[in-house]
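Q: Hi! Could you walk me through how the chains relate and where the aromatic rings pair up?
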There are 4 protein chains.
Amino acid sequence: MSSPEHSHFAWKARVYWEDTDGGGIVYYANYLKFLERARTEWLRSFGHAQSHLIRDAGIAFAVASVNIDYRKPARLDDELTITCAAGRIGGTTVTFTQKIYRGTPDDLVAEAQVRVVCIDTRTMRPKRLPAFLTQEMLTS
Amino acid sequence: MSSPEHSHFAWKARVYWEDTDGGGIVYYANYLKFLERARTEWLRSFGHAQSHLIRDAGIAFAVASVNIDYRKPARLDDELTITCAAGRIGGTTVTFTQKIYRGTPDDLVAEAQVRVVCIDTRTMRPKRLPAFLTQEMLTS
Amino acid sequence: MSSPEHSHFAWKARVYWEDTDGGGIVYYANYLKFLERARTEWLRSFGHAQSHLIRDAGIAFAVASVNIDYRKPARLDDELTITCAAGRIGGTTVTFTQKIYRGTPDDLVAEAQVRVVCIDTRTMRPKRLPAFLTQEMLTS
Amino acid sequence: MSSPEHSHFAWKARVYWEDTDGGGIVYYANYLKFLERARTEWLRSFGHAQSHLIRDAGIAFAVASVNIDYRKPARLDDELTITCAAGRIGGTTVTFTQKIYRGTPDDLVAEAQVRVVCIDTRTMRPKRLPAFLTQEMLTS
């Protein structure tokens with residue numbers, strides 16, 4: 001079960017002091033926070049808060065892998081746009097293609113592939129993605 | 001030069017996974033990030049990005065002290081409101097009174113007093129607050 | 001139940017890129033991480049890992065308040081010493097006096113008072129400090 | 001100019017509350033902090049503090065890409081070992097192979113490839129790795 005580039009969700013984030021490092025640019029690990037905020041808001045755009053998915057469906061998402069290329073550094077006060085597209089949906093995993101840009105898409109800051117696994121919060125083991133989620137992703 | 005509680009600026013922030021800790025609540029240091037975002041946006045509401053103040057006026061702000069009381073923990077997905085009021089404006093310092101609440105002001109998460117010093121970015125020593133800033137703060 | 005300045009525990013921490021911000025100094029919230037590492041290691045010096053206290057005694061510690069004065073900024077590669085002394089032990093709370101310095105105690109970076117509450121992890125409400133902990137703190 | 005797996009440097013890091021998230025495990029972005037600490041200490045093992053390289057040689061390192069696979073979650077109080085091996089040394093770049101494990105190497109937490117670019121701190125553009133560094137890496 002797979003399909004190329006479903007939703008074209010985008011979320012904005014401002015760069016604050018907390019995100020920068022002594023080099024005057026965003027610290028390399030902190031871009032992963034921006035990526036996660038966009039995935040979280042993408043899920044919320046379907047009506048799913050993760051705290052509710054844990055409580056009601058007993059599932060959570062764990063990141064299995066990240067491949068990220070840093071193109072151009074972001075700096076204090078930059079307003080970034082982070083995209084989130086579910087590129088490949090497997091039985092228990094979703095692979096997201098995500099980009100971070102400043103202003104327009106050609107001012108690319110970073111691009112990443114993030115593979116996420118659906119986890120049963122009681123057993124902490126991989127669990128089949130609920131049908132309702134798969135459906136929403138496929139039709140988004 | 002002092003005056004009680006000028007502006008009543010408020011800024012919103014969502015709690016993401018990055019903000020929480022293994023106790024299931026926001027990690028105590030991370031509330032200081034929310035406080036700073038609100039101070040940064042308060043300054044931006046006067047038209048001042050800090051990256052421009054550094055570049056154009058050669059000034060930056062360093063935190064001299066924080067007194068924070070944690071009232072109730074914030075959790076994943078909470079939408080927080082952070083207030084920022086410049087309570088006391090001295091020659092080189094400003095003391096902010098800030099609150100963090102969830103939903104309504106009576107659902108208080110934390111309250112803090114944050115004293116900030118204006119710094120000359122070349123000498124890294126305290127510098128008198130520019131008149132334009134003091135004016136804006138007093139009339140806000 | 002109170003007593004002045006028991007233990008004089010000290011812990012070292014190196015400043016890495018992750019700790020700094022675009023001003024070239026340690027970000028103000030990150031000093032609270034150093035303070036917590038020292039409190040955690042102070043507790044470990046009595047043989048108590050917090051993950052074990054949660055599992056075996058059903059208790060955890062929540063920070064109720066922090067008063068911190070920033071004296072001199074720390075920078076990349078600095079090796080900091082963080083002290084931790086249990087200054088006042090109440091029924092459910094402990095107030096720590098902590099200092100952060102670089103090299104020798106007179107090169108003071110920050111000093112703080114941190115009040116911590118013992119929490120019952122099932123009810124998430126304050127709980128009397130276990131006698132074994134109070135004893136260890138008083139005789140340390 | 002390339003060579004397979006030079007140094008087998010290892011550095012230890014304890015997992016603190018600051019590193020965990022509401023899922024009770026280390027937040028996925030924070031493993032990148034552990035990776036960086038190990039690279040920084042690997043460089044320091046040759047006698048090079050990065051703050052000195054900036055000051056004396058006018059160079060710094062920017063991360064160009066990260067490929068990380070998360071194998072098993074790390075938790076509060078875990079003591080992690082982070083390895084750092086310079087796998088491929090190009091004109092301006094170094095690609096590191098890094099592993100994070102708990103206790104013994106077979107209890108693998110994460111493994112990563114991190115490509116780093118040498119930057120001229122005045123121009124902020126890629127710069128040839130200084131010969132002294134390349135030599136040290138090749139003979140390590």
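Below is a chat about chain symmetry and aromatic pairs.

A: Happy to! Keep in mind that this is a predicted model.

Q: Cool. What turn lays chain D on chain A?
A: A turn of 180 degrees, with a shift of 0.0 Å along the axis, and the RMSD is 0.0 Å. That is the relation of a two-fold axis. In chain D, the C-alpha nearest the axis belongs to Asn67(D), 2.2 Å from it.

Q: And which surface do the copies meet through?
A: The same one, because 100% of the interface residues of chain D are also interface residues in chain A.

Q: Switching to aromatics: how many pairs are there over all chains?
A: The count is 28 aromatic pairs. Take Tyr31(A) and Phe34(A): their ring centres are 6.5 Å apart and their planes are at 75 degrees, so the pair is edge-to-face.

Q: Where do those two sit?
A: Both are in helix α1 (residues 31-44) of chain A, three residues apart, about one turn of the helix. Tyr31(A) is buried, at 3% relative accessible area, and Phe34(A) is buried too, at 0%.

Q: How about Trp42(D) and Phe96(D), what angle do their planes make?
A: 85 degrees, with centres 5.1 Å apart, so this pair is edge-to-face. It links distant parts of the chain: Trp42(D) is in helix α1 (residues 31-44) of chain D and Phe96(D) in strand β4 (residues 93-102) of chain D, 54 residues apart.

Q: Is Trp42(D) buried or exposed?
A: Buried, at 1% relative accessibility. Phe96(D) is buried as well, at 4%.

Q: Last one: which residues form an aromatic cluster with Tyr31(A)?
A: Tyr27(A), Tyr28(A), Phe34(A) and Tyr70(A) form one cluster with Tyr31(A).

Note on methods:
Residues numbered from 1 in each chain as written. Chains lettered and ligands numbered in written order. Predicted model: local features only at pLDDT ≥ 70, side-chain atom pairs only at ≥ 80, totals over all residues. Heavy atoms only, no water. Least-squares fit on C-alpha atoms with pLDDT ≥ 70 in both. Contact = heavy atoms within 4.5 Å. Phe/Tyr/Trp six-rings, centres within 6.5 Å; stacked < 30°, edge-to-face > 60°. Helix = DSSP H or I, 4+ residues; strand = E, 2+ residues; numbered from the N terminus. Buried < 20%, exposed > 50% of the residue type's maximum accessible area, 1.4 Å probe, protein only.
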